[in-house]
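Please walk through this model with a focus on its ligand shells, one helix pair and the domain layout. The report below takes them in that order.

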Amino acid sequence: MKKEIKKRLPMPHQPAEERVENFLEVALGYNEEQALEEASRCLQCKQQPCVKGCPVGIDIPGFIKMVSEGHFAEAASLVKSANSLPAICGRVCPQEEQCEQVCVMNKLGEPIAIGRLERFVADFEASHGNGSAPSEIRPRHPELHEYAVAVVGSGPAGLTVAGELAKMGYSVTIFEALHKPGGVLRYGIPEFRLPRDILDREIDYVRSLGVQALNNVIIGKTITIDQLLQNGFEAVFVGSGAGAPSMMNIPGENLNGVLSANEFLTRVNLMKANRFPEYATPVRIPNKAAVIGAGNVAMDAARTSLRIGAREVSIVYRRSRTEMPARAEEIENAIEEGVRLHLLTNPTRFIGNEKGWLTAMECIRMELGEPDSSGRRRPVPIKGSEFMMEVDSAIVAIGQAPNPLIRMSTPGLQTESWGGIIVDAATGATSVPGVFSGGDAVTGAATVITAMGAGKTAALGIDAFIRRKHGLPMG
Ligand SMILES: Cc1cc2nc3c(=O)[nH]c(=O)nc-3n(C[C@H](O)[C@H](O)[C@H](O)COP(=O)(O)OP(=O)(O)OC[C@H]3O[C@@H](n4cnc5c(N)ncnc54)[C@H](O)[C@@H]3O)c2cc1C
Ligand code: SF4
């Protein structure tokens, strides 16, 4: 008799009409029964394509087998041996384009919910506290502690490289420009997708490995990379991200009410602007908001606008639904919450009143032409199709580039014309001896897990560099 193919277990969610009124997490996570059931679908494939699809090489069949046997804490330890931030990755990584995309179960229906199981084991360990406690994770080479490494930036790339080097035995210090660590995980991704207690918990885990984390230190201003190297640090990892927003460069962009998604999300997420005057930095509560762009950043800005009280929120995107780069799940969540999609539409100018406040946006309709260099069909304006859209808030979410400060303050550091730091892909080494880099600072805006993968690569590169420099045997 043919074996029944079980369906992938859906994730419980907060209902849309309730969640638009709060910042609580939207996806509620599997309970033990659901995790057991989902894990039982895994075929334990010999070839393990899912592991090859994971940028940090988690033993996916191994941890899923432990879940299916009810050994949840052990499963968490196994995941953590490859990934220091599992509760974060389980929530925000695009598994549908990585491990789950290559899961053999796709051929039989739907892939195993690897991300949801990763999230489950990480949360189980945190609530039951009987996984491998950090104190049990001894540095593999305690003799390396005399060698210090500096890490610039505390986003996923910086946290990963720091955790990996600390586990090897190095003495690691993270320097973060902002007053709180986490990078985009804190100032970009909203709480309803990544609760801050989860972020704090995983940053505390990295700290508990022995990593020192200093905030409010701007490398390139407070102290330069050269000075770090001259003051006892053997190597420096630059994980400074891509925090400089791209703008539209169209008339009216200076009007009040037009701002970058970066600024908007930072104000709400980091400075709690929606709770003014309890917190000092206000943000204007929009009536009609337009968010320009269709990536994860745009979805986050749109859904955050709704939650702070906007009456109407639209995504304005120059291509069609098929080309929207955001995670499918987040687009669906946004639509469910009431975000409208204005596709094949591009703003041509912002229009304001006599007081300098945005009142409308002139847009033009687009059609799709031949594919461009990105492989996506090029949007072409339709002549004479201009129309007005009434808005009092326009949030621009069309991309970010690396901040120029590190490049300008580090002589000899080679970068791409758009600002990305050039590295050796196998080691993360830059053109400056002893300086390594990875994450968005190298690739431009990408994903949490690619930043973490680059952090792991660079940790190995830094280890080899320091060992070579001091004539130590290779680890
Ligand atoms: C709103 C938003 C939503 C996103 N959603 C997702 C998602 O759902 N899934 C996903 O996989 N990816 C998502 N991404 C992308 C992902 O967050 C990034 O690719 C990832 O955070 C990059 O990590 P990083 O460590 O390279 O840089 P970042 O996270 O940007 O961290 C860089 C850190 O370096 C600090 N820094 C910069 N310059 C200096 C300096 N000179 N001195 C000291 N510190 C400095 C910054 O303050 C920052 O804390 C999203 C991005 C945004 C903006
Ligand atoms: S490919 Fe899918 S089914 Fe096979 S081991 Fe990996 S998660 Fe399990």
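How many residues surround ligand 1, and which are the closest? The model is a predicted one. In it, 41 residues surround ligand 1. The closest are Gly153, Gly155, Gly183, Gly241 and Gly439. Several helices feed this shell. Those that give two or more residues are α8 (156-168), α13 (296-308), α15 (405-409), α16 (440-443) and α17 (448-469). By class, the shell around ligand 1 holds 23 nonpolar, 15 polar and 3 charged residues.

Now ligand 2. Its shell has 15 residues. Cys42, Cys45, Cys50, Pro61 and Cys103 are the closest to ligand 2. Helices α3 (49-52) and α4 each supply at least two residues of this shell. The largest share comes from α4, with 3 residues. No charged residue is found in the shell around ligand 2.

The class counts for the two shells are set out here.

| Shell | Residues in shell | Nonpolar | Polar | Charged |
|---|---|---|---|---|
| Ligand 1 | 41 residues | 23 nonpolar | 15 polar | 3 charged |
| Ligand 2 | 15 residues | 13 nonpolar | 2 polar | no charged |

Helix α4 also has a helical partner. Two packed helices are described by the angle between their axes and the distance between the axes. Helix α2 (residues 32-39) packs with helix α4 (residues 60-68) at an angle of about 130 degrees. Their axes are 8 Å apart. Angles of 35 to 65 or 115 to 145 degrees count as oblique, and α2 and α4 are therefore oblique to each other. The crossing of α2 past α4 is left-handed. Which residues make the contact? From α2 come Ala35, Leu36 and Ala39. From α4 come Ile64, Val67 and Ser68. By class, this contact has 5 nonpolar residues, 1 polar residue and no charged ones.

Last, the domains. The assignment splits the chain into domain 1 (16-132), domain 2 (137-243 + 401-469) and domain 3 (247-398). Domain 2 is thus given as two segments, 137-243 and 401-469. How far apart are the C-alpha centres of domain 1 and domain 3? They lie 33 Å apart. The two domains touch through 7 residues from domain 1 and 8 residues from domain 3. On the domain 1 side of this contact, 5 residues are nonpolar and 2 are charged. No polar residue is counted on that side.

Key: Residues numbered from 1 in each chain as written. Chains lettered and ligands numbered in written order. Predicted model: local features only at pLDDT ≥ 70, side-chain atom pairs only at ≥ 80, totals over all residues. Near = placed C-beta within 6 Å. Helix = DSSP H or I, 4+ residues; strand = E, 2+ residues; numbered from the N terminus. Nonpolar A, V, L, I, M, F, W, Y, C, P; charged D, E, K, R; others polar. Axes fitted to C-alpha atoms, helices over the stretch in contact; angles between N-to-C directions. Left-handed = near helix turned anticlockwise from the far one by under 90°. Domains from an automatic or database assignment.
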